[in-house]
Amino acid sequence: MIQDIKDHKYDLYFKNLKPNENDIILCYKKNKILLNEDESFIKYSDVLNKNVIYGFMVDEKPYFILLDDISKEEFDVAIFREIKPSYKGFILITGYHLYNFYINNKFCGRCGNQFIHSTNLRSLICNCGNEIFPTISPAVIVGLLNKNHDKILLTKYQKGHGNYALVAGYNEIGETLEDTIKREVLEEVGLHVKNIKYYKSQPWGLTSTILSGFWADIDDELECLKVDNNELKFAKWFSKDEIDIINDGASLTREMIDYFKNGMNIDL
């Protein structure tokens, strides 16, 4: 998955550093990633005197986030899935997560004054005493299996990307992750679930979430779907042979679909 950067070392701890001319600056514009024409990273020498903040390190090399607008080649944010080497995709999407936090939180929600950047933590602080940290929203995805475990439920959402997905949703206040799964499956496809089993988690900077992946069985006599057409435009049971989705190595969703497709044991 995108966070599995193998021999590279990710250092998430905040450091009060200033960039040198040759340091890399991660640049964004709404839902676009800004790079040089050859898809290489932009250096601080190209954005001198612009507003930047330290992000993180990979292999003891610092990466900074640009908070001002510049004119550079624009790429769809989805480039993080395919850019090579793949660890650059992790750098881009993690920087995008931080960029959205800083851009979306310029003013204090308590008093309306402008936030300032902490010098010792990755946080924004206000003179009223309010302090906020990067948003990380918990969400679940569930590989829902039929009674014989020979089919998996795949969906497509009404909005956003058009790729196949698993049933998914955000954790609500007062819910356990297991409760979120039960609610989302019932809301989206009208089924009850049982035998919920945790699989794996993934940070997903595209939506500022931490995804928790689970497997589950249906707990209904029939396998009939009652699709919420406000949320989904498609939901269907797929056998292994019917799945033609390629695992791009980036997402937990693709890994779980590929896990089922390749006949791996799912013990529920």
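A helix's expected span is 1.5 Å times one less than its number of residues. Helices here are DSSP runs of H or I with at least four residues, strands are runs of E with at least two, and both are numbered from the N terminus. The model is predicted, so local features need pLDDT of at least 70 and side-chain atom pairs count only at pLDDT 80 or more, while totals for chains, interfaces and linings use all residues. Residues are numbered from 1 along each chain as its sequence is written, and side-chain values use heavy atoms, leaving out hydrogens and water.

**Exercise 1. Work out how the span of α1 compares with the expected one.**

Step one: count α1's residues, which gives 17. Step two: go from its first C-alpha to its last, and you get 24 Å, close to the 24 Å expected.

**Exercise 2. Find out how covered α1 is, and what it gives to the largest nonpolar core.**

Start with burial (under 20% relative accessible area with a 1.4 Å probe, protein chains only): 15 of α1's 17 residues are buried. Next, take the core, a set of buried Ala, Val, Leu, Ile, Met, Phe, Trp, Tyr and Cys residues joined through side-chain atoms within 4.5 Å. The largest has 71 residues, and L26, L92, L144 and V185 touch the most other members. Helix α1 (residues 87–103) is its top contributor, with 9 residues.

**Exercise 3. Lay out the sheet that holds β9.**

First, the order: β8-β9-β10, an open, antiparallel sheet. Because β8 (116–117) and β10 (131–132) each have a single partner strand, they stand at the edges. Pairing takes at least two DSSP bridges, and β8 has 2 to β9 (residues 124–125). Finally, I116 has I125 as its bridge partner in β9.

Definitions and conventions
Buried < 20%, exposed > 50% of the residue type's maximum accessible area, 1.4 Å probe, protein only.
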